[in-house]
There are 2 protein chains.
Amino acid sequence: MKNIFDLVLNKINEFNTPCCIGLDPDLNYIPTQIKKKSLEQYGNTTQGAANALFEFNKKIIDATEDIVGIYKLQIAFYEQYGSYGMQAFIDTTKYLKSKNKIVIGDIKRNDIGNTAKAYADAYIGKVKLFDSEESIYNTDIVTINGYLGEDSIKPFIETANKYTKGLFILSKTSNKSSSEFQDTYASCNNTSLKNYLLMMELINKWGKGTEGEAGYKIAGAVFGLTFSEEIKKVREKYKECFFLVPGYGSQGGEAKDTAHFFNKNGEGAIITSSRQIIYAYKNSKKYTGDNFQDAAREETLKMKKLICEII
Amino acid sequence: MKNIFDLVLNKINEFNTPCCIGLDPDLNYIPTQIKKKSLEQYGNTTQGAANALFEFNKKIIDATEDIVGIYKLQIAFYEQYGSYGMQAFIDTTKYLKSKNKIVIGDIKRNDIGNTAKAYADAYIGKVKLFDSEESIYNTDIVTINGYLGEDSIKPFIETANKYTKGLFILSKTSNKSSSEFQDTYASCNNTSLKNYLLMMELINKWGKGTEGEAGYKIAGAVFGLTFSEEIKKVREKYKECFFLVPGYGSQGGEAKDTAHFFNKNGEGAIITSSRQIIYAYKNSKKYTGDNFQDAAREETLKMKKLICEII
């Protein structure tokens with residue numbers, strides 16, 4: 001039976017790239033003309049700010065929809081503007097789904113039992129209202145945190161199975177101090193493993209039996225591009241794991257680093273870039289705030305080309 | 001200088017209890033008359049569901065405000081209803097703050113650098129709009145996850161310091177499978193510690209220099225009441241750590257288990273109970289959906305009395 005990563009692979013083939021655009025809209029970097037219009041229309045309010053995010057996103061999506069099939073939304077950038085911000089997240093997802101995109105909700109949520117179920121229902125399943133069920137955030141894959149153990153993961157796995165959705169569990173995050181906890185050695189089955197490798201073992205266990213046609217489990221892992229040495233053995237050992245790979249561009253990861261994140265057939269990873277793409281106009285002499293979307297398109301094409309050469 | 005836990009201690013003294021009511025409103029358990037009214041007013045929509053949550057919360061708060069000073073909101077129960085759900089979270093917090101309550105946002109968020117800052121600004125700081133800064137969720141203390149290491153915690157510490165707010169970082173969670181990852185032995189400074197103890201070491205380090213007048217650091221820890229044996233050495237070692245203790249009632253924790261969570265002076269922990277209190281009418285012959293708030297009050301008084309006897 002097909003699972004979410006079969007659909008992801010189809011999308012990657014359709015657009016001939018495993019690249020993903022991260023929609024992390026930041027009011028500080030959104031071009032003036034968008035902010036001005038939102039401010040005029042809604043005033044200096046969270047509604048105005050949220051409207052600016054959505055207008056910005058639409059321009060980026062319109063300018064890149066023919067070249068990329070996967071988008072990631074970092075929810076903190078929306079959530080910070082309260083209920084209107086969350087609506088901008090929902091509206092952006094809806095806009096992407098109307099264009100048949102794969103949408104990754106970078107939510108890094110986790111909790112125990114029935115609370116985890118509420119998150120799973122909301123983001124990748126359906127939520128019960130008074131007398132019907134409704135999709136709320138309607139993302140395809142969510143990032144989650146495995147610190148709480150299996151009973152916090154199970155509701156996500158069950159919901160993902162039911163609705164052909166997926167998850168990426170944090171293993172090795174792209175930030176510098178990820179080493180502090182994730183690289184500490186832990187004992188596991190009489191051997192010693194760093195914590196992020198213990199997490200890989202657990203991810204592998206939690207996803208057992210969820211393999212799709214291409215062999216990937218519906219529980220993948222987040223693994224930072226900034227750790228391209230560390231991925232080598234991990235990639236070799238966990239062939240059935242699909243990776244979400246942040247850290248390209250602004251965080252220092254380069255195209256050459258992506259090589260080890262793919263299986264031998266060139267599959268098994270999504271490489272995501274946010275700031276480097278969506279704010280490309282800021283680092284360019286050719287583009288301004290008036291044609292920022294063209295700068296984003298050019299930067300995406302550049303990333304696509306570089307990573308295509310690697311695979 | 002006073003920090004958040006000095007304010008928490010004042011509140012505990014004012015109401016003579018470290019008990020906290022968890023507002024985890026679940027449509028399945030909200031009394032029919034509240035649901036009926038919301039359904040009539042807003043239809044079978046997320047707005048209707050969110051309205052029912054807020055109306056339910058207000059009744060619970062009104063019935064308990066003279067006996068408890070601290071409330072905790074598990075955000076998943078609001079977030080699942082989209083933007084209206086988030087507004088119900090904001091409205092409930094606002095209602096609690098208008099009554100001078102301490103509000104704990106049980107959000108369990110975490111992320112890297114600037115994303116963590118967005119969460120911190122939103123929940124315990126201020127968010128920049130076009131030309132002003134605004135409090136958005138306005139909680140006093142948030143729960144967060146430390147898996148990503150120091151640079152994901154720092155923005156929360158800095159914001160908490162600036163606005164006299166606090167955080168509880170997950171150490172040992174109350175669920176059964178918390179042992180899976182949290183009890184694995186990790187090597188730390190030539191000794192071997194379980195992961196939740198490694199996390200305690202980190203929490204202690206991250207909070208350095210933030211002690212208030214009573215000596216508590218602004219970075220406390222979440223430690224499940226279901227692990228009352230494990231807390232003994234932890235309580236003794238980390239005297240400057242304030243604990244948020246979930247797991248009372250429905251999850252199996254009893255009043256006698258709380259004893260070891262307090263320092264010798266009877267301070268240093270908040271004991272929180274959600275379902276057992278807010279849905280008390282479900283387990284009672286005396287109360288129905290029409291006076292559910294009185295059942296919640298009675299259950300709160302019972303919990304207060306039992307825990308008071310322990311301290």
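C241(B) is buried, with a relative accessibility of 5%. C308(B) is partly exposed, at a relative accessible area of 42%. This is a predicted model.

**Cysteines**

Zero disulfides occur over all chains. A disulfide is a covalent bond between the sulfur atoms of two cysteines. Why does C308(B) lack such a bond? The closest cysteine sulfur belongs to C19(B) and lies 8.9 Å from that of C308(B), which is too far for a bond. The cut-off for a disulfide is 2.5 Å.

**Salt bridges**

Over all chains, the structure holds 47 salt bridges. The table gives three examples.

| Acidic residue | Basic residue | N to O distance |
|---|---|---|
| E79(A) | R109(B) | 2.7 Å |
| D183(A) | K172(A) | 3.0 Å |
| E240(B) | K217(B) | 3.2 Å |

E79(A) pairs with R109(B). E79(A) sits in helix 4 of chain A and R109(B) in strand 3 of chain B, so the pair joins two chains. E79(A) is buried at 0% relative accessibility. R109(B) is buried, also at 0%.

D183(A) bonds with K172(A) in a salt bridge. This pair links distant parts of the chain, 11 residues apart: D183(A) is in the loop between helix 8 and strand 8, K172(A) in strand 7. D183(A) is buried at 17% relative accessibility. K172(A) is buried at 0%.

E240(B) and K217(B) form a salt bridge. They are 23 residues apart, with E240(B) in the loop between helix 10 and strand 11 and K217(B) in the loop between helix 9 and strand 10. E240(B) is partly exposed at 36% relative accessibility, whereas K217(B) is buried at 4%.

Shared partners also build a network: salt bridges join K72(A), D106(A), K108(A) and D111(B).

Technical notes. Residues numbered from 1 in each chain as written. Chains lettered and ligands numbered in written order. Predicted model: local features only at pLDDT ≥ 70, side-chain atom pairs only at ≥ 80, totals over all residues. Heavy atoms only, no water. Buried < 20%, exposed > 50% of the residue type's maximum accessible area, 1.4 Å probe, protein only. Salt bridge = Lys/Arg side-chain N within 4 Å of Asp/Glu carboxyl O. Helix = DSSP H or I, 4+ residues; strand = E, 2+ residues; numbered from the N terminus.
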